[in-house]
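Open the model in your viewer and keep the selection panel at hand. The tour goes stop by stop.

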Amino acid sequence: PKLFQMYMFKDRKNTEALLRRAESSKVLAIVVTVDSPVLGRREKDIRNKFTPASRGVEIVNWKDEAKPKDGNVQQAVAARTGSRDSGFSWEGLAWLRTATKLPVILKGVEHPADARRAVEAGCSAIWVSNHGGRQLDGGPATAEALPGVVAAVQGRVPVIVDGGVTRGADVLRGLALGASIVCVGRPLLWALAADGKAGAKMALGMVREELSTALALSGVAGVDGISR
């Protein structure tokens, strides 16, 4: 199944244009990410003067990206989020739900109160994520936040989790903590970089095999038998 992950733009017309493209692409849901209204201080990017444009890569949905300038590197790095609505609120979420007929998944939730309110606001799933731990130093790990979110949701909608999932045993842990879906991120990117589609297929196969082994060694016949 295809999901479309997006950020809210200050200009609602840009947001609506992306929604129409997503709908025409037959995606099953809109995933709106809310854990990075501004860019965290990424010192490696600053030191390397890295932006996608500096490496000849274009963000096709936002072509007005600023290029790094001497003495102004942090601003150039942060400009990658310049079009996002850093003041996105519950009112903005209500607008988004009226702007598309697709289900809306809220990604970047870690506090139980936010999860509860998102369900009450009509979100179809809650995605526990901390943006790969790259936004706020000292923020909670998703494994720490997950049980509280699951308790707040009370089974009303699926709970998705990512962050630090590199092995099949990590998938087992996420499911045991109450997640409905556990997502694998960086290992797939590494595999794609190493060997393209074949590498990604191999990486997924490894995760599946590791999960099968972890289930067997835990005395569980399948994922449906995982309990907290």
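A residue counts as buried when its relative accessible area is under 20%. Keep that cut-off in mind. Also keep in mind that this is a predicted model.

**Stop one: Thr33**

Select Thr33, in strand E2, which spans residues 29–33. Is Thr33 buried or exposed? Its relative accessible area is 6%, so Thr33 is buried. Now show its surroundings. Leaving out residues up to four places away in sequence, Thr33 touches Gln5, Met6, Tyr7, Lys107 and His131. Pick Gln5 from that set. The side chains of Thr33 and Gln5 are joined by a polar contact of 2.8 Å.

**Stop two: Leu39**

Move on to Leu39, in the loop between E2 and helix H2 (43–47). Leu39 has a relative accessible area of 13% and is therefore buried. Add Arg134 to the selection. Leu39 and Arg134 are 95 residues apart along the chain, yet 9.0 Å separates their C-alpha atoms.

**Stop three: strand E4**

Select residues 125–128, which form strand E4. Turn on the side chains. Which residues point one way, and which the other? Ala125 and Trp127 point one way; Ile126 and Val128 point the other way. All four are buried. In a regular strand, side chains alternate between the two faces of the sheet.

**Stop four: the partners of E4**

Add strand E3, residues 104–107. E3 and E4 run parallel and are joined by three bridges. Look for Ile105, which stands opposite Ala125 in E4.

Next, add strand E5, residues 159–161. How many bridges pair E4 with E5? Three, again in the parallel sense. Here Val128 stands opposite Val161 in E5.

**Stop five: helix H5**

Keep E3 and E4 on screen and add helix H5, residues 112–120. Trace the chain from E3 through H5 to E4: together they make a β-α-β unit, and it is right-handed.

**Stop six: H5 against H6**

Hide the strands and show helix H6, residues 142–153, beside H5. What angle do the two helices make? They pack at about 35 degrees, with axes 8 Å apart. The crossing of H5 and H6 is right-handed.

Finish with the side chains at this contact. Select these two groups:

- From H5: Pro112, Ala115, Arg116 and Val119.
- From H6: Gly148, Val149, Ala152 and Val153.

The H5 group meets the H6 group here.

Note on methods
Residues are numbered from 1 along each chain as its sequence is written. This is a predicted model: local features need pLDDT of at least 70, side-chain atom pairs count only at pLDDT 80 or more; totals for chains, interfaces and linings use all residues. Side-chain values use heavy atoms; hydrogens and water are left out. Buried means under 20% relative accessible area, exposed over 50%, partly exposed in between (1.4 Å probe, protein chains only). A polar contact is a pair of N or O atoms within 3.5 Å; within protein, one must be able to donate a hydrogen and the other to accept it, and residues adjacent in sequence count only if both atoms are side-chain atoms. Contact means heavy atoms within 4.5 Å. Two strands pair if DSSP finds at least two bridges between them. A crossover is right-handed if, with the strands pointing away from the viewer, the path from the first strand over the helix to the second runs clockwise. Axes are lines fitted to C-alpha atoms, for helices over the stretch in contact, and angles run from 0 to 180 degrees between N-to-C directions. A crossing is left-handed if the near helix is turned anticlockwise from the far one by less than a right angle, and right-handed if clockwise.
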